[in-house]
Amino acid sequence: MLPRRGRRRLFGAALVAAGLAALATVTAPGPAAAAALTEVTNFGANPSNLRMYLYVPETVAARPGLLVVNHYCTGTGPAMYSGTQFAALADRYGYLVVYPSVTRSSQCFDVSSPQALRRDGGSDPVGITSMVDHVRQRYPVDPNRIFATGVSSGAMMTNVLLGLYPDVFSAGAAFAGVPFGCFATTTGSEWNSECANGQVVKTPQQWGDLVRNAYPGYSGRRPRMQLWHGTNDETLRYPNFTEEIKQWTDVNGLGQTPAYTDSPQAGYTRTRYGGTGGTAPVEAISMQGVPHNLPVDAAQAVRFFGLDTTTPTTPRPTSPPPASPPPTPPPPSTPPPSGGCRVAYGVNAWNTGLTASVTITNTSATAVNGWSLAFTLPAGQSVTNGWNATYAPASGAVTARNVSYNGTIAPNGSVSIGFQATHTGNTGRPASFTLNGTPCTVT
């Protein structure tokens, strides 16, 4: 069992900052008019008694992607559903989301036992891949677009899933994790202090060999990996970030020299290995001064996966699909925008905080080169941090300005930004937005 101190430390994952303390029990409803989180039972081999929760958006892509979202210690699948933007982004892009949920007392994923670190060896990885298989049997999932992500213990499980099942998962995004095999123990303990403290140091090849030896004889493609870590992580120390980079660059046959380096926002250093674009084989984001309670930028993970390129066109099916589905009505037409821009704004709120996701679309016939989006936050809301833009001031009449890599918005092109904020009770959205002085249609 994980020591109480370890459980308390890992509870400090990003979502804890969101105040996800109380969540209603989710039961499996019948077909409903609106998308909802649904518990699935009897989904296949499940040696460690995981629970499975599935989110199917109201409209899905013709060949939807599938994303597995793994929770932190003491967390649950429903907590990850409520506390991150992955489901909201699924509504926009039409992919499916599986939220595994641990039932052992620590509510930590098994990333340490010999069974968990061997392909088809047992424990949590087997149960999670059963969930993936269950969904693939019932929905037309694109097998080349199956991904995993997670926070803290869930980030460690993301490393494990990609190591054990490279033929299943095409990419992963690990928020504050450790390399595959770093947490290994032989005593039955779930906690490895040496790894947690950043004291397990290996060569790139040694780290890579741990992954290769977990699935002997495999010679196919290896998953891409996106890594996030705060320099002030007090639970899974920052040296683990460097060791993860070593591992996944070696697994992908890459050197240790970045092909691209930039700063997507103040205090962040992003390096890419094996490519300079947004889907490089390895992308690593170091967050200066950030503790284990790091913000989870779901939009950037979804962008890295390539799930943001899909337009959902198919109404949400039931599970399993009916034998003779009724005719599909055409999607409702969208009225023409009144100006040269459109803004989609989503809010996920909790006790005293919220996360806002904003998509700006240029509906004019000419490119926008350099942009500022002006809006007024409702009273009591104050921005604490943001991504893909700079924000000033923190409250009242706020202006979000582009950063170095997203200043151009092509005709009919979009850019996604977002921020976290505190609030005093009003979690509403701004009434209006203007892009470079032009009023935007709000959706």
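The legends below describe close-up views of a predicted model.

In this predicted model, local features need pLDDT of at least 70 and side-chain atom pairs count only at pLDDT 80 or more, while totals for chains, interfaces and linings use all residues. Residues are numbered from 1 along each chain as its sequence is written, and side-chain values use heavy atoms, with hydrogens and water left out.

**View 1. The whole chain, with its 9 helices and 24 strands.** Helices (H or I, at least four residues) and strands (E, at least two) are DSSP runs, numbered from the N terminus. Of the 443 residues, 54% are buried, that is, under 20% relative accessible area (exposed is over 50%, partly exposed in between; 1.4 Å probe, protein chains only). About 17,400 Å² of the chain is exposed, and carbon and sulfur atoms supply 52% of that area; the areas come from the Shrake-Rupley method with a 1.4 Å probe, and for residues only the protein chains shown count as cover. Of the contacts (heavy atoms within 4.5 Å) between residues at least 6 apart in sequence, 73% join residues at least 24 apart.

**View 2. Two segments where pLDDT stays under 50: residues 11–33 and residues 318–338.** pLDDT is the predictor's confidence in each residue, from 0 to 100. The chain average is 86, and 85% of the residues score at least 70. Beyond four places in sequence, the model has 51 contacts for residues 11–33 and 10 for residues 318–338. Where pLDDT is low, the predicted coordinates should not be read in detail.

**View 3. Helix H4 (residues 124–138) and its cover.** From first to last C-alpha, the 15 residues of H4 reach 22 Å, close to the 21 Å expected (1.5 Å times one less than the number of residues). In H4, 11 of the 15 residues are buried, among them Asp124, Pro125, Gly127, Met131 and His134. The cover over these buried residues includes strands E1 (37–40), E2 (51–55) and E6 (146–151), and helix H5 (153–164).

**View 4. Leu37 in strand E1.** Leu37 counts as buried because its relative accessibility is 5%. Val98 is 61 residues from Leu37 in sequence, and their C-alpha atoms are 9.4 Å apart.

**View 5. An open sheet of 5 strands, in the order E18-E19-E16-E22-E23.** The pairing is antiparallel; two strands pair if DSSP finds at least two bridges between them. E18 (390–392) and E23 (438–439) are the edge strands, each with a single partner, so one side of each has no neighbour in the sheet. E18 is joined to E19 (residues 397–401) by 3 bridges, and Thr390 stands opposite Arg401 in E19.
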